[in-house]
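Hi,

Here is the model I promised to pass on. Have a look, and my notes are underneath.

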Amino acid sequence: MRFVPASTWAPRYVGSVVAYCWRCWRHRMMIWLATAVAVGAVLSLAVAAELFLVLASRSLAYQARTASEFQVFLSDGAQASQVSQLESQITDLPGVKSVSYRSKQQALAIARQDPTLARMAQYTQNNPFPASLVVQLADPAAASRVTAVAVKDPATDPQIPTSYTPGQGDKLSGFLSLARGLVVGIAVAALGVASLVAVVLLRSEIRARRPELRILVLVGTPRLVIRLPVLAEACSLAVAGSLLATLTLSAMGTRVVPVINSYLPFLQLGNPTNSMALLSVLTLASSVLTLGFCSLMVRLPR
Amino acid sequence: MPELARRFGGWYRKLGVPAPGSIQLRNVTAGYGGINVFSDLALDVRPGEFVYLVGPSGAGKSTLLKVLYGTVRPRRGSVFVDGVAVHRLHSWQTGKIRRRVGCIFQEFELLAHLTALENVLLPLQLAHPRIHDPQAYALDALELVGLKDKANEYPQTLSGGQQQRVAIARAIAHQPRILLADEPTGNVDSRTSSEIMELFHQLNELGGTVVMATHDEYVLSRFPARTIELQPGLLEAA
Ligand SMILES: Nc1ncnc2c1ncn2[C@@H]1O[C@H](COP(=O)(O)OP(=O)(O)OP(=O)(O)O)[C@@H](O)[C@H]1O
Ligand SMILES: [Mg+2]
């Protein structure tokens, strides 16, 4: 019996195994295609929903960050001494980082930059924006303490004393964590459904090929080699499905998001490019891992 | 040299590993589900020996062969085949023994969607990647069993005896030291069965160990060899 050296048998062996995988797969091309489309549809739905959730939660996170900036509005008739007294009073409160004075002119200038206020700032004759004390909060709970001090002070605007009520801040952060939970939840559910679809295919494949797998085990084929076509099929499904999902994602990002941004500017979805790239890579990696793992769960006979 | 041989002999004894080409069973109990097919079986087959396993249907001939190639894991006892401790193999390691021995199964176990040649070739390619020219080995094996002209036919177009011979070609293509055959003459006429037995005896004369289950009286009388009789009714609750 003649043997070949390791340097030649290894590449030749890879060739044999690939040829074997190809032969297994060739007969199942149509079923594979249908399953790939199903997996792709599930993943597409999921990434589309996730794109909006990611963009919305990013916008919310930005708003929450600016919400740690809390304003105490001053009445137009407030004296400078009253204002500085209120300022030092607020500075002494626990949970307050810093306090600074913002004049009416500064408030108008800022409003001109803000997409939602710009129109109002443009067409108004006399400046409607009040002077304020801008309070940086270290702890959102401090907002209620600041409000308590502010409402009693004669320098504050009696109608709208502060920029938001503490309850609104809590609601914002609650909504933010809900949105983040939804992103993770949808991702997990989509992966679950996609794996289910793929596992049904893989199981049907294993069932159809059970006699063959048993014979290959009987003649001493290494188990890894026997599993390889199934593993390759699972991974190719994951890659094809993710590719479809990425196409959907780029269509959403380049067509739908700009439309939403122009019609509903208050949603402030922003630029989706980074989120799209991240979502595609995550979808690809997680679906390959999940489907690959599922294919390895299939039992072979002894 | 004697010193080296002495040292190696001592080494084998110390490990308790029987020599390559031999089969050794000690206190082997095996069965399925709630029953034992045989218990406390002991068997020694020396390298190069020819052994028949005989006994009526259901006596456990196939089960004993399955213990030897690792499909049935014994409940107790030790099984050494070609120096491999088969009783210790986990299900993912059974390929280790099957690549060393040649197996002919009672139900042929041919792949229906592959031709005769591919049936012999695929195991060579996937399980014996270091063999130099697998195609030539597969064709040689088919020629030995007289089926070279049927190399490109599919199993369903072959007769039972021809399928049997493809299975034999697959078992001997990698030139194993031990051949385990389960009723290899069960489906063939007396002429073909003589040819098959002559082939087995040739392999045996070249130094191969053969263990063959049969209840073919013709074969037993024409090709006498050591015979081990398995008794039915040894079946007992596990
Ligand atoms: N997979 C199995 N599951 C459960 N019982 C089995 C299984 N295979 C065999 N048996 C039982 O084990 C006993 C021995 O079977 P075995 O196939 O070893 O007999 P045998 O001597 O090869 O018979 P034959 O000459 O008909 O091939 C029988 O009683 C059979 O019913
Ligand atoms: Mg039998």
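Below is what turned up, starting with the basics and then going place by place.

This is a predicted model, in which local features need pLDDT of at least 70 and side-chain atom pairs count only at pLDDT 80 or more, while totals for chains, interfaces and linings use all residues. Residues are numbered from 1 along each chain as its sequence is written, chains are lettered from A and ligands numbered from 1 in the order written, and side-chain values use heavy atoms, with hydrogens and water left out.

**Helix packing between the chains.** Helix 1 of chain A (residues 6-26) packs on helix 4 of chain B (residues 116-127) at about 130°, with the axes 9 Å apart. That makes the two oblique to each other (neither under 35 degrees, over 145, nor 65 to 115). The contact (heavy atoms within 4.5 Å) is made by A:Tyr13, A:Ser16, A:Val17, A:Tyr20 and A:Arg23 on one side and B:Glu118, B:Leu122, B:Gln125 and B:Leu126 on the other.

**The magnesium ion.** Ligand 2 is coordinated by B:Ser62 (OG) and B:Gln106 (OE1) at 1.9 to 2.2 Å (donors are N, O and S atoms within 2.8 Å of the metal, or 3.2 Å for Na, K and Ca; water is not among the atoms, so sites may look incomplete). B:Ser62 lies in helix 2 of chain B and B:Gln106 in the loop between strand 6 and helix 4, so the pair ties together parts 44 residues apart in sequence. B:Ser62 is buried at 18% relative accessibility, whereas B:Gln106 is partly exposed at 34% (buried is under 20%, exposed over 50%, partly exposed in between, with a 1.4 Å probe and protein chains only).

Cheers

Definitions and conventions
Axes fitted to C-alpha atoms, helices over the stretch in contact; angles between N-to-C directions. Helix = DSSP H or I, 4+ residues; strand = E, 2+ residues; numbered from the N terminus.
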